[in-house]
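Open the model in your viewer and set it to cartoon. Keep the sequence panel in view. Ready to select?

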Amino acid sequence: MNRILLLIFILASINLKAQNQPRLVLPVGHTKLINSAVFSPDGKLALTASWDNTARVFEVASGKELQVLRGHTESIKSAVFSPDGKLALTASEDKTSRIFEVASGKELQVLRGHTTWINSAVFSPDGKLALTASEDSTSRIYEVASGKELQVLRGHTSYIYSAVFSSDGKLVLTASADNTSRIYEVASGRELQVLSGHTSNIYSAVFSPDGKLVLTASYDKSSRIYEVASGRDLQVLRGHTDGIISAVFSPDGKLALTASRDSTSRIYEVASGKELQVLRGHTSELSSAVFSPDGKLVLTASYDKSSRIYEVASGRDLQVLRGHTDGIISAVFSP
C-alpha cells in the first residue's frame with residue numbers, strides 16, 4: 001500500500017460546530033512520502049521526515065520552509081525536536097541517527113553503531129541524551145553533545161519498533177517484534193524487567209505520566225498495562241478485532257487510548273481495564289490516536305485519508321478533517 005502523508009492538519013482554532021474546518025496546508029518541498037510530522041515544543045515550527053532522505057523545518061504561521069536537513073543517504077523514518085526546540089534528531093534506514101541545529105540546519109552529530117535501519121530516535125527529557133531503536137534488535141544511548149555511544153541495550157531477539165525514556169530520564173522502555181517490552185536502567189544499561197504476555201508483535205510501549213506503569217499495543221488485538229517496579233501484568237485491555245498499532249495514556253494517567261487496524265479507537269479506564277468508549281467513523285485502519293494536552297479530546301489518523309476529533313467524555317465524533325488524497329500516517333495536536 002502506498003501510504004502517503006502529505007502533512008498533518010495544523011489548526012489555529014477549532015470551531016466544534018463548523019462543517020468546514022479551517023486548515024493550513026504547508027507548501028511541502030519533499031519529493032517522496034512523509035513518515036512523520038511533529039510540532040516544536042512552543043508550537044511555532046513543524047518538523048517533517050521523508051523517504052526523500054531529508055527532514056524539513058517549517059514555520060507554522062506562514063507555512064514557509066526554513067531549513068532542509070541533509071546528510072542521510074536513505075529514508076528518514078522519524079524526526080523529533082529536542083525539549084528546548086533548538087535541535088532536531090532523525091532516525092534513518094541508512095543505519096544512523098543525526099543531530100541538527102534547527103536555526104541553521106547544520107549537522108552537528110552522526111550517531112553510529114547500528115547494523116541496520118533505525119526505526120525511531122528520541123531525546124531524553126533533559127535533552128542531554130539520544131535514544132535509538134533499531135531493526136538490529138538493540139537500542140542505543142548516545143551523548144548529544146559529543147555523539148559518543150554510552151550504552152547498548154541488549155536482550156531482544158527481534159527488531160525493536162520503538163524506545164522511549166521515562167519522564168525522569170532514568171529508565172528506557174522498548175517495544176519489539178519478539179512479543180516483549182523491556183525496561184532498562186539508563187545509567188548502567190542493565191535490563192530490569194521483561195514484560196511478557198503478548199502473543200504477537202508489540203508496536204509501541206509508553207510509560208504513564210508518573211512513571212509507575214507501562215502501556216503496550218500489540219498485533220495480538222490487546223493492550224496491556226504493567227507495573228514498572230515488578231514487571232507484573234495488571235490489566236489486559238480487550239475489545240479490538242484486529243491488531244493494535246498504538247496505545248497512549250491520558251495526560252492525567254487515568255485513561256488509555258488505543259488505535260487499531262479494525263478502524264476503531266477505544267478508551268479504557270486504567271485502574272479497572274474497563275472499556276469506556278469505542279470511537280467509530282473511520283472506514284479503514286487507524287495509524288495513530290492521541291489525547292489533546294488537556295485530555296478532553298482525541299485525534300485519530302487513518303488510511304481512509306481522514307483524521308477525526310472525538311470528545312473523550314461522550315465518545316462523540318466532533319470533526320472530520322478532510323483534504324488528504326492518501327492515507328494519513330500520523331496526526332498530533334499542537335502544544
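Select strand 25 and strand 26 (residues 297-302): five bridges join them, and they run antiparallel. This is a predicted model. Want one pair to look at? Pick Leu 286, whose bridge partner in strand 26 is Ser 302.

Now follow the chain around the turn. Strand 25 and strand 26 form a hairpin, with five residues between them. Click on Gly 295 in that turn: its phi is positive, about 75°.

Stay in the loop between strand 25 and strand 26, and select Ser 292. Is Ser 292 buried or exposed? Its relative accessibility is 4%, and buried means under 20%, so Ser 292 counts as buried. Show what surrounds it. Beyond its neighbours within four places in sequence, Ser 292 is in contact with Pro 251, Leu 297 and Phe 333.

Go back to strand 25, residues 286-291. Six of its six residues are buried, so the strand is largely enclosed by the rest of the structure.

Next stop: another sheet. Select strands 13, 14, 15 and 16, which form an open sheet in the order 13-14-15-16 with antiparallel pairing. Which strands stand at the edges? They are strand 13 (160-165) and strand 16 (191-195). Each has a single partner strand, so one side of each is left without a neighbour in the sheet. Neighbouring strands here are turned by 15° against each other on average, direction ignored.

Finish in this sheet with strand 14 (residues 171-176) and strand 15 (residues 181-185). Five bridges join these antiparallel strands. Select Val 172 in the sequence panel; its bridge partner in strand 15 is Tyr 184.

Key
Residues are numbered from 1 along each chain as its sequence is written. This is a predicted model: local features need pLDDT of at least 70, side-chain atom pairs count only at pLDDT 80 or more; totals for chains, interfaces and linings use all residues. Side-chain values use heavy atoms; hydrogens and water are left out. Buried means under 20% relative accessible area, exposed over 50%, partly exposed in between (1.4 Å probe, protein chains only). Helices (H or I, at least four residues) and strands (E, at least two) are DSSP runs, numbered from the N terminus. Two strands pair if DSSP finds at least two bridges between them. Axes are lines fitted to C-alpha atoms, for helices over the stretch in contact, and angles run from 0 to 180 degrees between N-to-C directions. Contact means heavy atoms within 4.5 Å.
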